Amino acid sequence: MLIPPSTPAPDTASDDPRLGRWLAANRSADGMRVALVGFPSDEGVRRNGGRPGAAAGPGAIRRALYPLTPDAEHPAFTDLLARTADLGDVPVTGDVEADQRALGDVLAPLLARGVIPIVLGGGHETSFGHFLGYVGAGLDVEILNWDAHADVRPLKDGRAHSGSPFRQALEHASGRCTRYMVAGLQPHSTARAHLDVIDAHGGEVVWRRSLSEVRVRSIATGLAAPTLATFDLDAVDAASAPGVSAPNVSGLGADLWLYAAYEMGRSPLVRSVDVVELNPAFDLDGRTARLAALTVWHFLKGLVEREG
């Protein structure tokens, strides 16, 4: 059972509606097109030697997301919000593997019904639980990771962590992860062994230096199969995203990042997304939380155009 979100609807005038008006009212996936699910876990970050604090990420994202306005240029945005539910948080225990299975159990029936989940992390261990939703639904999926890191490290003493989710997905006995791409990768954060893992599974790497709006668009239009898109906020330059486990002083600009979120929304092959690694304990002026909220907003904007 999910824990209902505690974020209240913003108190706004009828002529100035905010996303929270719909998200705070819609708590059931029945008849919904989009479902928000929180995964307040950072034990995987701790295991990986990062800065704990991402467990507070889902709440911080909601507090930044609920006050945003619908896109006034697209009236259909509010129609989509009427079909978007915030289902609450997976009750995590600190047992990463059990918590990941619990997330997969929540997502599997949503994916099987064609609902588009937006998972609010949490450390990047979120993404393996996200992938397990596809396993539970009996669906093959490709993974597109917007990230400065490959996150294909081996398990540590047999235990999962925030640096291992995509190796776990690639090596999962189900064979449901059919391809892996990482975009935004930084050479100073990538070992040769990480590239070898990706190469061995027929994956693809797009380096940070290669990303532009044109390249982002080509990635989106080049998707060839149902895709899980994951957004690790530490891919973004620390000026815009200081509140992460591993700050990035040479990362993506916020505009390019949000354009990628928009293009993922537009692509008919993107079946689900997650936004991970927000660490409110280190967030200056709430700017990373707002960036995470805008990532969700831009994905929804793209989805409106996809379905419009």
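**Exercise 1.** In what order do the eight strands of the open sheet stand, and with what pairing?

*Solution.* In this predicted model, begin at one side of the open sheet and read across: the order is β2-β1-β3-β8-β7-β4-β5-β6, and the pairing is parallel. Next, look at the two ends of that order, where β2 (84-89) and β6 (204-207) each have a single partner strand, so that one side of each is left without a neighbour in the sheet. Finally, consider the twist: on average, and with direction ignored, neighbouring strands of this sheet are turned by 15° against each other.

**Exercise 2.** Describe how strand β1 is joined to strand β3, and which helix packs on the sheet there.

*Solution.* Strand β1 (residues 34-39) and strand β3 (residues 116-121) run parallel and are joined by six bridges. Within this pair, Val 37 has Val 119 of β3 opposite. Helix α5 (residues 96-112) packs on the sheet, where it touches β1, β2, β3 and β8 (270-276), and its direction makes about 175° with that of β1.

**Exercise 3.** Determine how far helices α3 and α11 are enclosed by the rest of the structure.

*Solution.* Take a residue as buried when its relative accessible area is under 20%. In α3 (residues 57-65), seven of the nine residues meet this condition, so the helix is largely enclosed by the rest of the structure; among them are Pro 58, Ile 61, Arg 62 and Leu 65. These buried residues pack against α1 (19-23), β1, β2, β3, β8 and α11. Turning to α11 (residues 287-307), its 21 residues reach 30 Å from the first C-alpha to the last, close to the 30 Å expected. Because 16 of the 21 residues of α11 are buried, this helix is likewise largely enclosed by the rest of the structure.

Key
Residues numbered from 1 in each chain as written. Predicted model: local features only at pLDDT ≥ 70, side-chain atom pairs only at ≥ 80, totals over all residues. Heavy atoms only, no water. Pairing = 2+ DSSP bridges. Helix = DSSP H or I, 4+ residues; strand = E, 2+ residues; numbered from the N terminus. Axes fitted to C-alpha atoms, helices over the stretch in contact; angles between N-to-C directions. Contact = heavy atoms within 4.5 Å. Expected span 1.5 Å × (residues − 1). Buried < 20%, exposed > 50% of the residue type's maximum accessible area, 1.4 Å probe, protein only.
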